[in-house]
Every structure is written in C-alpha cells, then in structure tokens.
Amino acid sequence: MSLYTPSVIAQNVAQVQAQIAEACARVNRPAESVILVAVSKKQPHQAVLAAVEGGVRHFGENRVEEAEDKIPRVTAVLPPYTDEALTWHMIGHVQSRKVRAVVAHFDLVHSVDSLPLASKLSRMAEKGGRVLPLHLQINVSGEASKSGFAAQAWTEDPAQRAELLMAVRHVAALPGVTLRGLMTMAPFVDDAAVLRQTFASLRGLRDLLAESLGTPLPDLSMGMTNDYPIAIEEGATHVRIGRAIFGERL
Ligand SMILES: *Cc1c(COP(=O)(O)O)cnc(C)c1O
C-alpha cells in the first residue's frame, strides 16, 4: 500500500507540476512541452486514482504482470470523473514472451532495448491493427547494470555511432511502430554536472540520429525524482516520476 493518503498524493502532484513549470521557465520552454509520467509501479490502483484526481493523465509501469492487473482496475472506475483518457507508458525491460500483453495494455513503450524486441512489438501491433509509438532506451552512462543500446562513446567512436544509426534506421522502417525518440536513465549520483552531461549527451545523440534519418525524433524521455529539473533544462519531453508523487516504494 502507498504510504500516502489521496490528498497527499494530489498535493505532491501539484508540487511536481510547479517544479516542472519552474524548470521550463528557466530555459524558456512552455510548461506544456513536458509530459509528467507518474510512475505507479508497486503502488496500488487507489494511488493511481488519487493521482488522476490530482490531474495526472500519464502513468508509467515497469512490470507487465502488475500492469495487467492494475490497468483494468483503474479503467473500471474511471469514466464517471475523468475528462480525458489515461495514457499508459511501459518503462521497464520487456521480455519477449510479454510482447503481446504489452501491446494489449500500453500506449507507448519507452524501454525498447533491442532490435528483436522492436520487431516483435511491430508484428504484434500490426496484428492488432495499430501503430505503437516507442522510444529506444539508450545506455549513455555505460553502466553494466543498465539495459539499452550502448552509447557511452558515441561522440568519439564512429563504429558505435554507425551501429546506433543502423538500429534507428531499422526501427524507423518497421510498419507497426513509430519511433518517437530516445529514453535514458541517468546514473545514481548526486553530482549535478554528471547528470546534466548525461542528459545533454542524449539530446545530442537524438539530434544527430534525427538528422541522419531525415525525420524528427521529438521525444526525450529522461529525468526521475532525483534529477528531473536538470533533465527538463536539457530538453526532456517526458519525465518519469515515482517517489516524489507516491513516496518510497515498499
Ligand atoms: C522506477 C522508475 C522511475 C521512477 O523513479 P523515481 O526515482 O521513483 O522517480 C523512472 N524510470 C524508470 C525506468 C523506473 O524504473
């Protein structure tokens, strides 16, 4: 169960939204240019409903089994009081055998970390008669614990750049998906300079790939509870925030 009552969750949402607006103002971006994705993993469906009451319309989950249970519970009680449909974001590693469920329950996948996964998502989306938007997850920091396409050396290593461009071309050509942009997780450090460099690097990579591809890649999914103001200053379009809204996960 969440540690927080519904009114505390709604207050937290307001606080996070105010911080998003402040970060946007610092770099002359409109506050609407950032989508708040409330990360409700390990939180019960009541916590999601409290965030909906607080104005959140985008939710992120990282485990398919949990989402398969939670999303229908939320949806079942929503129609009486929401003015807008919810958008569900898959932000965790997707196993091959879960692709069908991901396509059935989610609107956007942030965490596409291999070409076979992208191909399977495309095939399954096509079968369902839809086009699934996705982000490629990029491992900018090079930490072995993080999944994603390797990009820790993209500025100095032409081979790594070529590989990333090949991956992006491949995904952009798949019929069942739309490549919207890139996602990353920053290292768990307090050093603001390191965080900023990670986010700026993802933006630089996005710019390079979009130019080589000849199509815009508008989305940059970056920034979590500890670092989202910096991520916004560096161009984030989607911030994925759990603890600042729902409290520590039990
Ligand atoms: C859990 C998680 C988040 C949210 O992290 P907080 O520190 O709770 O804001 C964001 N992105 C991903 C991929 C996550 O797994």
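In this predicted model, strands β2 (residues 58-61) and β3 (residues 87-90) run parallel and are joined by four bridges. His58 stands opposite Thr87 of β3. Strand β3 also pairs with strand β4 (residues 108-112). This pairing is likewise parallel and rests on two bridges. Here Met90 faces Val109 of β4 as its opposite residue. Between β3 and β4 the chain passes through helix α4 (residues 99-105). The resulting β-α-β crossover is right-handed.

Open space was examined next. Rolling a probe the size of a water molecule over the atoms reveals where space is left empty. The largest pocket holds about 390 Å³. Its lining comprises 20 residues. Nearest the centre of this pocket lie Lys41, Asn62, Ile91, Met185 and Met224. By class, the lining of the largest pocket contains nine polar, six nonpolar and five charged residues.

The second largest pocket encloses about 210 Å³ of space. Helix α1 (6-26) and strand β1 (35-39) each contribute at least two residues to its lining. Gln17 and Ile20 are among the lining residues, as are Ile35 and Leu36. The lining also includes Ala31, Glu32 and Val34. Gly55, Val56, Arg57 and His58 line this pocket too, together with Glu84. His58 thus has two roles in this description: it stands opposite Thr87 in β3, and it lines the second largest pocket. Six residues of this lining are nonpolar, three are polar and three are charged.

Definitions and conventions
Residues are numbered from 1 along each chain as its sequence is written. This is a predicted model: local features need pLDDT of at least 70, side-chain atom pairs count only at pLDDT 80 or more; totals for chains, interfaces and linings use all residues. Side-chain values use heavy atoms; hydrogens and water are left out. On a 1 Å grid over the protein atoms alone, a cavity is a set of points where a 1.4 Å probe fits but cannot get out, and a pocket is an open set with protein on both sides within 12 Å along at least five of seven lines; lining residues have an atom within 4 Å of a point. Grid points are joined across faces, edges and corners, and a volume is the space filled by probe spheres set on the points. Ala, Val, Leu, Ile, Met, Phe, Trp, Tyr, Cys and Pro count as nonpolar, Asp, Glu, Lys and Arg as charged, and the others, Gly among them, as polar. Two strands pair if DSSP finds at least two bridges between them. A crossover is right-handed if, with the strands pointing away from the viewer, the path from the first strand over the helix to the second runs clockwise.
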